[in-house]
Amino acid sequence: MRLASRLLRAVVSLWLIVTFVFLALRLTGDPIVATLNPDDMTRDMMESYRKLWGFEGTVGEQYMVYVTNVLRGNFGKSILNGRDAFEVVLERLPATLQLIGSAALVMVLIGVPVGTLAALKAGSKWDAAIMSFSTLGFAIPNFFFGLLLILVFSVTLHWLPTGGTGTIWHLLMPVVTIGVAKAAVFTRFVRSAMLDALKLQCVTSAKARGLSGARVLIRHVFPNALVPLATILPLLVGGMISAAAVVEAVFAWPGIGRLIVESVAQRNLAIVQVIIMLVAAVMIVTNLLVDLIYSWLDPRAAAAAAN
Amino acid sequence: MYAVMTAGWRATKKMPLSVKIALVWLLLCLSLVGFAAWLPIPEKNTLNLMARLLPPVGWGGGLDHLLGTDELGRDILARLISSMRTSLLLALCATMISAALGTTLGILAAHFGGWVDELVVGAIDAQASLPFIIVTLTITAFFGSSLMLFLIILGLYGWERFARLSRAMTLASRGRGYVLAMQTLGFSWWRIYLRHVLPNIASALLVTATINFPETILLETSLSFLGLGIQPPNTSLGNMVGFGRNYLLTGWWMCVVPGVTIFLCTLAVSVIGDWARSVISRH
C-alpha cells in the first residue's frame with residue numbers, strides 16, 4: 001500500500017517534469033525555430049517537421065502529441081547532426097556512470113574511515129584537523145581544483161594526460177577531483193551520523209557487556225549510523241551529477257555533463273530536454289529507493305509513518 | 001547601541017585566529033573593490049602588447065603589475081578587482097533574493113497551513129532534490145543568457161533552506177508567550193511576523209545566509225567558467241579562470257590568481273559562518 005502510493009508519487013513527479021519542460025519549450029517561442037536552424041531549411045521542410053513533431057493545432061493537442069512522443073522515447077533530433085537526441089544522450093551515459101561510480105568509491109573510501117575517526121575522537125586535535133580539511137574541500141571550486149591537478153601533474157610533472165579518455169590514467173584526475181571534493185562533504189555527514197549512533201543506549205550497553213571496541217563499532221554503531229546516511233543519498237547523487245557537469249568540461253571527458261554544457265552553448269534544445277528529464281528521472285528513482293531503504297533499515301520509522 | 005558594540009568587541013576578543021584571518025581577508029577584498037578607483041593600478045582594459053604574460057611579483061614580475069598581466073598585457077590585479085566586484089555583488093544580491101523569497105514562503109506556509117503549506121513543502125522538496133546547476137543550464141538553454149536572467153536564476157538558488165528554517169521557526173513561535181500576548185492585544189498578523197517573529201529568527205537566517213553565499217559564489221563562478229554565466233566584456237572570477245585555462249603552459253597565474261581568490265572568499269565566509277553557528281548554538 002505504502003509502496004503503491006510512493007510509486008504513484010514518483011510517476012506524478014515525472015509527469016510534472018515533462019509538463020514543465022513542455023511549457024518551458026512553448027515559452028521560448030516557436031519550438032521549431034528554437035530546435036532547428038531556420039536558416040538552413042526551406043519553409044516546406046519546417047512545415048513537415050512541424051507536422052512530424054506535432055507542433056500543429058492548439059496547445060492542448062500539442063501537449064498530447066508531446067507526451068505521447070516522450071512515452072515512445074521520441075525526443076526530437078539534435079540540431080547538430082540530425083541524430084536522434086535520446087540515442088546521442090544514451091551513448092554518453094557509460095562514460096558518466098564510470099566517472100561518477102569511481103568518484104563515489106573514492107568518496108566512501110575516504111569519508112567512512114576519516115569521518116568515523118573524527119567521531120570517535122570528537123573534540124580532539126584529530127577531529128579539528130579533519131573538520132578543517134573538510135571545510136577546505138568544500139570551499140575549493142571543482143573546476144579550479146581540476147585545473148590545479150592539471151597544472152601540477154600534466155603541465156609541470158608530465159605524469160598524466162590533461163584530458164580525454166582511453167586509459168586508466170585519463171580517469172585518475174577527474175575521479176580525484178570529484179571524489180575528494182565530495183569526500184569533504186561526506187566526511188561531515190559520517191561524523192555526525194556516527195556521533196548520534198555512539199550516544200545510543202544499545203551502544204552503551206554493548207560496551208558495558210564487555211564487547212570489544214571493533215565489535216561494538218561494526219555490530220551496533222555502523223548499522224545505526226546507516227539510517228541517517230541513507231537519507232542523504234539523493235543529495236550526494238545530485239551533487240555528483242552537478243560536479244560531473246563541470247569536471248567533465250575541465251577534463252574533456254566525453255560524458256553527459258560535457259554534452260549538456262556543449263548543447264546549452266549551441267542551444268541544442270532536443271538534447272538538453274532529454275538530459276533534464278533523465279536527471280529528473282534519476283533523482284526521482286533515487287528518492288524512491290531511499291524511501292525503500294529507509295523502511296528496510298528502520299522498520300520503526302516506517303511503522304510510525306504508516307500510522 | 002553601546003551594549004551591542006561592547007558585546008561585539010568582547011566577541012572579537014574570543015574569536016579564533018582563523019575567524020580573524022577570514023574577516024581581514026574579506027575586509028581586504030571589500031576595500032579593494034571599494035577603493036579601486038583611487039589605487040595606483042592600471043585601468044583593467046588597457047592593452048599593452050609589450051607587456052604580455054608577465055608573471056606576478058615573486059615569480060619574476062615587476063612592481064608595475066603586482067599580479068602579472070594576461071595574454072593582451074592587461075593588468076591582472078585590475079581585472080581581478082573588477083571581477084571580485086561582479087562575483088561578490090551577484091552572490092550578495094542573489095542571497096538576499098533567495099532569503100527574501102524563502103523566508104516569505106516559509107512564513108506564509110506556516111501561517112496558512114493546509115494546501116498552501118503542502119504546496120510550499122512540495123516545492124521545497126522538489127528544489128532540494130534537483131541538481132540546481134542542471135536546472136540552471138536548462139533555463140539558460142531555453143531562454144538564452146542575460147545578466148538579469150542570470151541574477152534571477154542565482155536568486156532562486158537555496159531559497160528552500162530559508163523557507164524550511166522560517167517555516168519551522170514560525171510554527172514554533174506560535175505557541176510562545178510573546179506571540180500569544182500580541183494576538184490577544186489584537187495586533188495584525190503581518191505586524192507580529194515582521195516586527196516580532198522575524199527579528200527573533202534573524203540570527204538563524206543570517207547563519208543560513210553564510211552557507212548560501214559561498215555556494216552561490218561557487219555556482220556563479222562554475223557557470224561563468226563554463227562560458228554560460230557572466231559573458232565578456234564583463235568579467236567574473238569564474239570566466240577569468242575559464243580564459244586563463246588556455247594559458248596553463250605559458251601563464252599559469254592567469255587562472256591561479258582568480259581561482260585562489262574564489263577559494264579564499266568562499267572559505268572565509270564558511271569559516272565565519274561555522275563560528276557564528278557555534279556561538280549561536282552555545283547561547
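These legends walk you through several close-up views of a predicted model with two chains, A and B.

**Figure 1. Where chain B meets chain A.** In this view, 37 residues of chain B are in contact with 38 residues of chain A. Putting the two chains together buries about 3300 Å² of area, and carbon and sulfur atoms give 82% of that. Charged partners also take part: there is 1 salt bridge between chain B and chain A. That bridge is formed by B:Asp274 and A:Arg188, whose closest N and O atoms are 3.8 Å apart. Which elements of chain B give two or more residues to the side that touches chain A? They are α5 (132–143), α9 (189–225) and α11 (253–282). Look for α11(B) in particular, since its 11 residues are the largest share of that side. Sorted by class, the side of chain B that touches chain A has 25 nonpolar, 9 polar and 3 charged residues.

**Figure 2. Two rings from two chains.** Here A:Phe143 and B:Phe225 form a stacked aromatic pair, with 4.5 Å from centre to centre and 15° between the planes. A:Phe143 belongs to helix α7 (residues 142–156) of chain A and B:Phe225 to helix α9 of chain B, so this pair joins two chains. Are the two residues buried or exposed? Both A:Phe143 and B:Phe225 are buried. Over all chains, the structure holds 10 aromatic pairs. Elsewhere, ring pairs link A:Phe22, A:Tyr63 and A:Tyr66 into a cluster.

**Figure 3. Helix α12 of chain A and its surroundings.** The buried residues of α12(A) include A:Ile256, A:Leu259, A:Ile260 and A:Val264. What do the buried residues of this helix pack against? Their neighbours are α5 (85–120), α11 and α13 (269–297) of chain A, together with α5 of chain B. A helpful idea for reading this view is that an α-helix has 3.6 residues a turn, so residues three or four places apart point the same way. After α12(A) comes A:Arg267, which has a positive phi near 50°.

**Figure 4. A salt bridge between α5 and α12 of chain A.** The side chains of A:Arg92 and A:Glu262 meet in a salt bridge, at 3.7 Å from N to O. This pair links distant parts of the chain: A:Arg92 sits in helix α5 and A:Glu262 in helix α12, 170 residues apart. A:Arg92 counts as buried because its relative accessibility is 18%, and the cut-off for buried is under 20%. A:Glu262 has a relative accessible area of 28%, so this residue is partly exposed.

**Figure 5. Two more salt bridges, one in each chain.** In chain A, A:Asp127 forms a salt bridge with A:Arg191, and their closest N and O atoms are 2.8 Å apart. A:Asp127 is in helix α6 (residues 125–139) and A:Arg191 is in helix α8, so the pair ties together parts that are 64 residues apart in sequence. Both A:Asp127 and A:Arg191 are buried. In chain B, B:Arg167 forms a salt bridge with B:Asp117, with closest N and O atoms 2.7 Å apart. This pair links helix α7 (residues 159–173), home of B:Arg167, with helix α4 (residues 114–129), home of B:Asp117, across 50 residues of the chain. B:Arg167 counts as partly exposed, at 21% relative accessibility, whereas B:Asp117 counts as buried, at 16%.

**Figure 6. Backbone details in the loops.** As background for this view, most residues other than glycine have a negative phi, and most peptide bonds are trans. A:His158 has a positive phi of about 55° although it is not a glycine. You will find A:His158 in the loop between α7 and α8 (168–198) of chain A. With a relative accessible area of 63%, A:His158 is exposed. A:Ala252 also has a positive phi, near 50°, and lies in the loop between α11 (233–250) and α12 (256–266) of chain A. At 34% relative accessibility, A:Ala252 counts as partly exposed. In chain B, where the peptide bond from B:Pro232 to B:Pro233 is cis, omega is near 10°. B:Pro233 lies in the loop between α9 and α10 (237–244) of chain B.

Technical notes. Residues are numbered from 1 along each chain as its sequence is written. Chains are lettered from A and ligands numbered from 1 in the order in which they are written. This is a predicted model: local features need pLDDT of at least 70, side-chain atom pairs count only at pLDDT 80 or more; totals for chains, interfaces and linings use all residues. Side-chain values use heavy atoms; hydrogens and water are left out. Contact means heavy atoms within 4.5 Å. Buried area is the accessible area (1.4 Å probe) that two parts lose on being put together, summed over both. A salt bridge is a side-chain nitrogen of Lys or Arg within 4 Å of a carboxyl oxygen of Asp or Glu. Helices (H or I, at least four residues) and strands (E, at least two) are DSSP runs, numbered from the N terminus. Ala, Val, Leu, Ile, Met, Phe, Trp, Tyr, Cys and Pro count as nonpolar, Asp, Glu, Lys and Arg as charged, and the others, Gly among them, as polar. Rings of Phe, Tyr and Trp (its six-membered ring) pair if their centres lie within 6.5 Å; planes under 30 degrees apart count as stacked, over 60 as edge-to-face and the rest as tilted. Buried means under 20% relative accessible area, exposed over 50%, partly exposed in between (1.4 Å probe, protein chains only).
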